[in-house]
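Work through the following exercises with the sequence and the model side by side, and try each task before reading its solution.

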Amino acid sequence: MKKPEILFLCTGNSCRSILAEVTFNALAGPTMHAVSAGSHPAGYVHPRSLALLQREGFSTEGLSSKSWDDLTVTPDIVITVCASAAGETCPAYLGPAIRAHWGVEDPAKATGSEAEIEAAFDTAYRILRHRIEAMCQLPVAELMEKGPAQLRAELARIGSLEP
């Protein structure tokens, strides 16, 4: 059975998709693998994302903001993490992958006090982690072999989960 390749996609690839990539790879184990990319990468990983990941005990070595043009694998599943309800435009990946949308507010756009901005990053991380934990419970490779409909439905359901 092929090891599923997951792409977490957003516009800038500096916060949400990076948080998702690192968290997913830490929690999924050897059965699946994730990368992240952006349609218009920011060119840096947000320092608050790096600090949050380090606080959670994850390695941040080698992380970078990448373009989807530079992917070295063809993803089987593409999960967009932009918050389209907030008027953000989600990039449309044009490959043959199964697509899902897990909208999360962009913590990089948070304003207010240090505590409020930090809370926005924590909220984005908690939402993503909760959804990733749910996805890790699915037999993703088996569902991919059976056809995309059931997997697409499960990923859509997970995209509406809140911690």
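**Exercise 1. The whole chain**

What percentage of the 163 residues of the protein count as buried?

*Solution.* The structure is a predicted model, in which local features need pLDDT of at least 70 and side-chain atom pairs count only at pLDDT 80 or more, while totals for chains, interfaces and linings use all residues. Residues are numbered from 1 along each chain as its sequence is written, and side-chain values use heavy atoms, with hydrogens and water left out. Taking buried as under 20% relative accessible area (1.4 Å probe, protein chains only), 46% of the 163 residues qualify. As a second step, consider the overall dimensions: the radius of gyration, taken over C-alpha atoms, is compared with a globule rule of 2.2 Å times the number of residues to the power 0.38. For 163 residues a compact globule would have a value near 15 Å, and the protein agrees because its own value is 15 Å.

**Exercise 2. Strand β1 and its partners**

Determine which strands pair with β1, and in which sense.

*Solution.* Begin with the inventory: helices (H or I, at least four residues) and strands (E, at least two) are DSSP runs numbered from the N terminus, and the protein has 5 helices and 4 strands, arranged along the sequence as β-α-β-α-β-β-α-α-α. Next, count the bridges, bearing in mind that two strands pair if DSSP finds at least two bridges between them. Strand β1 (residues 5–10) is joined to β2 (residues 33–38) by 6 bridges, and the two run parallel; within β2, Ala34 is the bridge partner of Ile6. Between these strands the chain passes through α1, giving a β-α-β crossover that is right-handed, that is, clockwise from the first strand over the helix to the second when the strands point away from the viewer. With β3 (residues 77–80), β1 also pairs in the parallel sense, over 4 bridges, and here Phe8 stands opposite Ile79. Finally, inspect the two faces: in a regular strand the side chains alternate between the two faces of the sheet. In β1, Glu5, Leu7 and Leu9 on one side and Ile6, Phe8 and Cys10 on the other are all buried.

**Exercise 3. The buried side of α2**

Identify the buried residues of α2 and what they pack against.

*Solution.* In α2 (residues 47–55), the buried residues are Arg48, Ser49, Leu52 and Leu53. They lie on the same side of the helix because they cover an arc of only 135° around the axis, judged from the directions from the helix axis to the C-beta atoms. These residues pack against α1 (16–28) and α3 (114–136), where contact means heavy atoms within 4.5 Å.

Definitions and conventions
Buried < 20%, exposed > 50% of the residue type's maximum accessible area, 1.4 Å probe, protein only.
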